[in-house]
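The following exercises concern a single protein chain. Each task is followed by a solution that proceeds step by step.

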Amino acid sequence: MNEINSDFHALTFDVEDWYQGFLYRGIGGWEKYGSREEKNVQKILDILDTHNTKATFFVLGSFAEANPEIVQLIHKKGHEIASHGHSHVHVPKLTPKDFREDIKRSKNFLEDITNEKIIGYRAASWSINKDSYWGLEILAEENFIYDSSIFPSSFHPFGSNYFNRFPHQINLLNNKKIYEFPAQVLSIGKIKFPAAGGFYLRALPYIFSKYAIKQSAKKNFPAMVYLHPYDLDPDVPKLKTKFTFRIIRYYNLNKTEVYLKMLLKNFTFSSIKEIIEKKSSNKLIEK
Ligand SMILES: [Zn+2]
């Protein structure tokens, strides 16, 4: 396994509409509110401009097909466009054949509207695990250079403590290779806690995520920060759903923007594509 070192940490956004997450599956009531992501994406682009930072945007294919101009706007700003699949179905629920169709459809569409090769993929809900590891082989066969779909913590529904917590290159059974950029965790003893992304970033004290990133930096690995545009939308319509889902979806939404700006002040970020292109063994730059 080859290790990846970088001068930058990875800053990533999963772009889908606020009602496209799995927590809303089977729940009605969102239709009357419509899309809110143009405003949310613009907010992110402005923050990144202010901090002179580039990021990776994993765009859901069905969202891209409905909103090609938003994807083109992100791309024009110089950010990396990557694939979040087409349909947002968890990988273990797909057959290998359906998975291949899903990633090809999103890759082809995103390449058409950006006129650039799409090299990265992130599964819905970080859902590549031991039951869907074959997905990595299919990604490599379809010319993806990297994946970012593995959660190395057993606290996450699809995750496991046994996964390597740092970015690395995997030699696959089909004789191909792929880079894996796992979700960020905070390691305490043998336990790995989710950190620095989505619900975990906004719900836990900031120091938790900051310390997790420092743990990666100390070992000279890029850390991984991930958010959704709707994580920065405190005014998102609050639909009636299970109590636990409401906590995950709505808790501390007003903290995300504050914490993101603190991260951008404290650390140096870039897109995953740039991290791969500029792999180096230099120490990470710390502000
Ligand atoms: Zn998603």
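A residue is called buried if 20 or more other C-beta atoms lie within 10 Å of its own, exposed if 12 or fewer do, and partly exposed in between, with C-beta atoms placed from the backbone. The model is predicted: local features need pLDDT of at least 70, side-chain atom pairs count only at pLDDT 80 or more, and totals for chains, interfaces and linings use all residues. Residues are numbered from 1 along each chain as its sequence is written.

**Exercise 1. Determine whether D231 is buried or exposed, and list the residues that it touches.**

Step 1. Locate the residue: D231 lies in the loop between β11 and α8 (243-250). Helices (H or I, at least four residues) and strands (E, at least two) are DSSP runs, numbered from the N terminus.

Step 2. Count neighbours: because 27 other C-beta atoms lie within 10 Å, D231 is buried.

Step 3. Find the contacts, a contact being two C-beta atoms, placed from the backbone, within 7 Å. Leaving aside residues up to four places away in sequence, D231 touches G198, R202, L253 and T256.

**Exercise 2. Establish which residues of helix α9 are buried and what covers them.**

Step 1. Check the geometry. Helix α9 (residues 253-266) has 14 residues and reaches 21 Å from its first C-alpha to its last, close to the 20 Å expected at 1.5 Å a residue. The expected span is 1.5 Å times one less than the number of residues.

Step 2. Apply the burial criterion: T256, Y259, L260 and L263 are the buried residues of α9. Viewed down the axis, they fall within an arc of 110°, so they line one face of the helix. The arc is that of the directions from the helix axis to the C-beta atoms. As a general rule, an α-helix has 3.6 residues a turn, so residues three or four places apart point the same way.

Step 3. Identify the cover, which includes α1 (37-50), α6 (198-203), α7 (206-218) and β11 (224-227).

Step 4. Inspect the face turned away from the buried side: there α9 carries the exposed residues N254, V258 and K265.

**Exercise 3. Repeat the analysis for helix α4.**

Step 1. The 19 residues of α4 (residues 96-114) should span 27 Å, and its end C-alpha atoms are 27 Å apart, which agrees.

Step 2. Buried in α4 are F99, D102, I103, S106, K107, F109 and L110. Their arc down the axis is within 165°, so they line one face.

Step 3. These buried residues pack against β3 (56-59), α2 (61-66), α3 (68-76), β4 (80-83), β5 (120-121) and α5 (134-141). The face turned away carries the exposed residues K97 and D112.

Step 4. Following α4 is N115, with a positive phi near 60°.

**Exercise 4. State the phi values of N143 and A196, and decide whether each residue is buried or exposed.**

Step 1. N143, in the loop between α5 and β6 (146-147), has a positive phi of about 70° although it is not a glycine. With 11 C-beta neighbours inside 10 Å, N143 counts as exposed.

Step 2. A196, in the loop between β10 (191-194) and α6, has a positive phi near 60° and is a residue other than glycine. With 28 C-beta neighbours inside 10 Å, A196 counts as buried.
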